[in-house]
Each structure stands twice: as C-alpha cells, then as structure tokens.
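Dear colleague,

Please find below the structure I promised to hand over, followed by my notes on what was found in it.

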Amino acid sequence: MEPNNRWFIGVTVLLALLLSVMPLPYQWLWFRPAFVALIVIFWINRMPQSLGVGFAWLVGLLEDFATGAVLGTHALALGALAYFCLLTYRRTRAFNPAQQLMWVFVLVGIHQVIGNWVHSLAGKPVPGLVFLWPALTSALLWPLVTPWLDRTAGRLQVR
Amino acid sequence: MLGLVAAALIVVNIYTDWLQPVRDRVASFVAPLYWLTDAPGRVGEWAGEQLRTREEIEEENSRLRRQVLLLEQRSQLLASVKAENTQLKELMNSAETVDERVLVAQIIGVSPDPLEHVLVIDKGRNHGIRLGTPIMDASGLLGQVIETGPSASRVLLITDPSHALPVQVLRNSVRAVAEGTGDLYRLKLRHVANTSDVREGDLLLSSGLGGRFPAGYPVGEIMSVERDPGKAFADVEVQPRGRMNRSRFVLAVMSEREDRGGTE
C-alpha cells in the first residue's frame with residue numbers, strides 16, 4: 001500500500017480546533033470564522049469518495065468537546081453540511097471563485113442556523129442576525145486558505 | 001442516522017445531566033487545547049517581564065513595598081476587629097464563622113461562544129475545586145465553577161444570562177437577586193419593589209442566601225435606578241465590581257465546611 005498521508009487531515013482539523021478556541025477580545029467573538037466548518041467543507045469537496053458524513057460528525061463531536069457547547073450541536077451542524085457537500089460537489093467543483101465564496105457563505109450560514117437553533121432549545125437568549133457574521137467572515141477567508149491547503153494536500157498526495 | 005444520534009445527544013444533554021461524567025472525563029483532554037492557545041499570551045507576558053529596565057523594576061519594588069506596609073497595617077487592624085467580632089458572636093450565641101481558604105488560579109481560556117460567559121481556569125479537582133466553588137478577583141465576585149476536570153475547570157461568570165445570585169445592599173441590607181444580562185459590564189436586580197430603598201452608588205455584597213456564595217463579598221455597584229409607576233418593579237442596573245474582562249489571576253474561595261446547603 002502506498003503512503004496516503006492522511007495525518008495531514010488530522011493536523012488541519014487540530015489547527016482549526018485550536019483556532020476556534022483561541023481567546024479573542026469579547027467584542028470580536030462574533031466575527032470568528034467557523035474554522036472547523038471550513039476545514040470540513042474543504043476535505044469533503046476534495047475527497048468525497050473517502051470522507052463523508054461520519055467524518056464530519058466525528059469532527060463536530062470533537063469541536064463540541066473542545067468548545068464546551070451542548071454535545072451534538074456541531075456534530076449535527078457539520079453532518080448536515082457534509083451531506084449538502086456530498087450532494088453538490090460535482091457542481092461546486094465547476095464554480096468560479098466568486099460563486100464558491102457565496103456557496104461557502106450559504107453552507108456556513110446553514111451551520112450557524114443549526115447552532116443557533118440548539119442554542120434557543122437550550123434556553124439561551126437568541127441574538128439577532130449577528131449569528132450570521134461567522135458565515136460572512138468564513139466566506140471571505142475561504143479564497144485565502146484553500147489555495148494553500150490545496151497545494152499542500154497535492155504535494156503530500158493525501159488520498 | 002447520524003443526524004438522529006446527534007439530535008438525541010442534544011436532547012439528552014439539554015434536558016438531563018447524564019452526559020456530565022463524559023464531559024468531566026474529556027475535560028482533561030480539552031484543557032491542553034486552551035493551554036496551547038493561551039501560550040502566545042504567556043510568552044508575551046514573559047518577554048515583557050524580562051525586557052524591563054532596572055529603573056522600572058526598582059520603582060515597582062518601592063511602590064510594592066509601600067503597598068505592603070499599608071496592607072500590613074490594615075490587616076493588623078483587621079485581626080483585632082476579627083477577634084472582637086468572634087467574641088461578640090460568642091456572646092450572642094450565633095453560628096460560628098467559617099474560615100475560608102483561597103487558592104490562586106490562572107485564567108487559561110475563554111469560551112468561544114459569544115452567548116455565554118465562561119472562563120477556563122488552570123485548577124481543578126486535584127487542587128480541591130468542586131462544582132459551585134466561588135471564584136473572585138481582587139475587586140469582587142466573578143462567578144462559580146460549573147465543570148471540573150482533574151486540572152482545569154470552567155467558570156460561569158455572574159454576567160452570564162443564565163446566572164443569578166442573591167445580594168444585599170451594604171448600606172441598609174435590602175436583599176435582592178442580581179441577574180446576569182449577557183453584557184460583561186452590567187447586571188440587573190430582579191423584583192425590586194418601586195418603594196424599596198436602593199440608590200445609585202450603593203454597594204452590593206453577596207448575601208450568602210442560597211448557600212452557593214459566601215456572604216459579604218463585593219458584587220457590584222448600582223449604576224442607575226429607574227422607577228416607572230406603571231411597572232410593578234424598579235429597573236435597577238448594576239455594574240459588577242469584578243473585572244470580568246481583564247483579570248488574569250483569580251481566587252477560588254474554598255470553604256472548610258463541606259455542605260452549606262439546607263437551612264441557611
């Protein structure tokens with residue numbers, strides 16, 4: 001068997017987890033991109049044959065543990081997100097960068113909506129539309145990060 | 001299928017506390033994450049310490065010496081007052097006072113969720129921290145421990161919207177309940193009658209009712225009182241004394257008495 005360098009996926013997931021619990025000034029908390037969601041979108045679009053909803057679900061559970069959220073919140077949100085990615089990856093590969101950016105906005109938006117729904121279920125105060133900020137910042141981050149990830153994954157021949 | 005499992009997890013997690021043991025177990029793996037993300041800040045602090053000039057340090061040293069002198073004088077005064085107080089209490093046959101032990105902990109993380117005010121500190125069960133241990137800083141109460149791991153725990157701040165604590169006005173011992181608002185610089189008093197005697201600038205202390213927090217620690221200062229005759233209760237806003245956003249070191253107050261619930 002050839003080496004497939006799957007460890008790189010783990011490294012990126014770990015990095016995303018670190019970034020998502022990194023302390024930020026209180027005023028900036030709403031603008032933190034959904035790093036883990038971005039990483040999951042990236043890997044599922046790159047390797048739709050081998051990674052699926054299960055992968056996203058596990059990563060989501062890890063994120064729940066790391067952030068101290070209600071268990072299952074991110075698992076559910078990322079699972080749904082992975083499902084949409086799997087349905088559409090053939091089309092989204094043909095998207096130009098601007099379309100991709102908007103598509104990421106929609107995906108992370110769905111992720112945020114599910115998170116917000118669990119929040120309100122848990123009896124926390126529901127904010128206004130501010131909960132969509134991470135979707136915007138994530139979409140803007142997408143074209144900056146994916147070329148690097150793509151190149152590194154290509155060089156390491158992650159399969 | 002996995003979606004169902006996740007939904008079930010969510011429901012179980014929200015409506016029961018069956019998953020608490022799992023969370024406690026995992027907490028020890030999660031703590032290093034927070035510790036790592038905090039590392040740059042610590043390096044910066046360390047560099048700041050190392051790269052100071054001699055004059056600065058000397059100046060600080062003399063300032064601290066003056067402060068120590070002042071505090072020593074005050075604590076001497078306090079010792080005699082304390083002795084007198086216990087004597088008087090003995091005379092009145094009232095309940096014995098509890099001596100409290102204090103542990104210094106460092107904040108290593110903040111909850112990434114903007115909707116909840118939770119800190120992660122670097123002390124846990126191994127250091128004697130329990131669920132409900134009150135946490136404070138030099139100027140006032142900060143919150144209480146809601147999750148403990150072996151060497152890290154999570155602290156719910158009193159400004160979190162799901163938190164409420166019983167307080168008392170220092171001036172005249174009017175009792176009230178201070179609720180978090182989700183704003184780091186604001187608490188609200190619940191159910192304060194329009195006619196009750198609270199004023200702007202009043203200092204609020206924890207009252208010790210409810211048994212979670214020890215009595216007599218400063219909680220906040222009343223910022224504004226709005227009495228609207230059309231409403232049943234006055235709108236009272238409180239500025240917390242503890243520096244929710246800026247403390248680096250906090251104190252965990254460990255009381256010697258084991259259970260403090262019940263009749264208190």
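UniProt, in an unreviewed entry, places the feature "transmembrane region" at residues 6-22, 65-89, 101-118 and 130-149 of chain A; its positions are given in the numbering used here, with feature names shortened, and annotations may be inferred rather than shown by experiment. The model is predicted, and local features need pLDDT of at least 70 and side-chain atom pairs pLDDT 80 or more, while totals for chains, interfaces and linings use all residues. Residues are numbered from 1 along each chain as its sequence is written, with chains lettered from A and ligands numbered from 1 in the order in which they are written.

Over residues 6-22 of chain A the chain is 88% helix and 0% strand, with the end C-alpha atoms 25 Å apart, and over residues 65-89 of chain A the values are 80% helix, 0% strand and 29 Å (helices, H or I of at least four residues, and strands, E of at least two, are DSSP runs numbered from the N terminus).

Chain A contributes 33 residues to the contact with chain B, which contributes 30 residues, contact meaning C-beta atoms, placed from the backbone, within 7 Å. The elements giving two or more residues to the chain A side are α1 (7-21), α3 (53-67), α4 (73-92) and α5 (97-121) of chain A, and α3(A) gives the most, with 6 residues. By class, that side has 23 nonpolar, 8 polar and 2 charged residues (Ala, Val, Leu, Ile, Met, Phe, Trp, Tyr, Cys and Pro count as nonpolar, Asp, Glu, Lys and Arg as charged, and the others, Gly among them, as polar).

With kind regards

Conventions. Contact = placed C-beta atoms within 7 Å.
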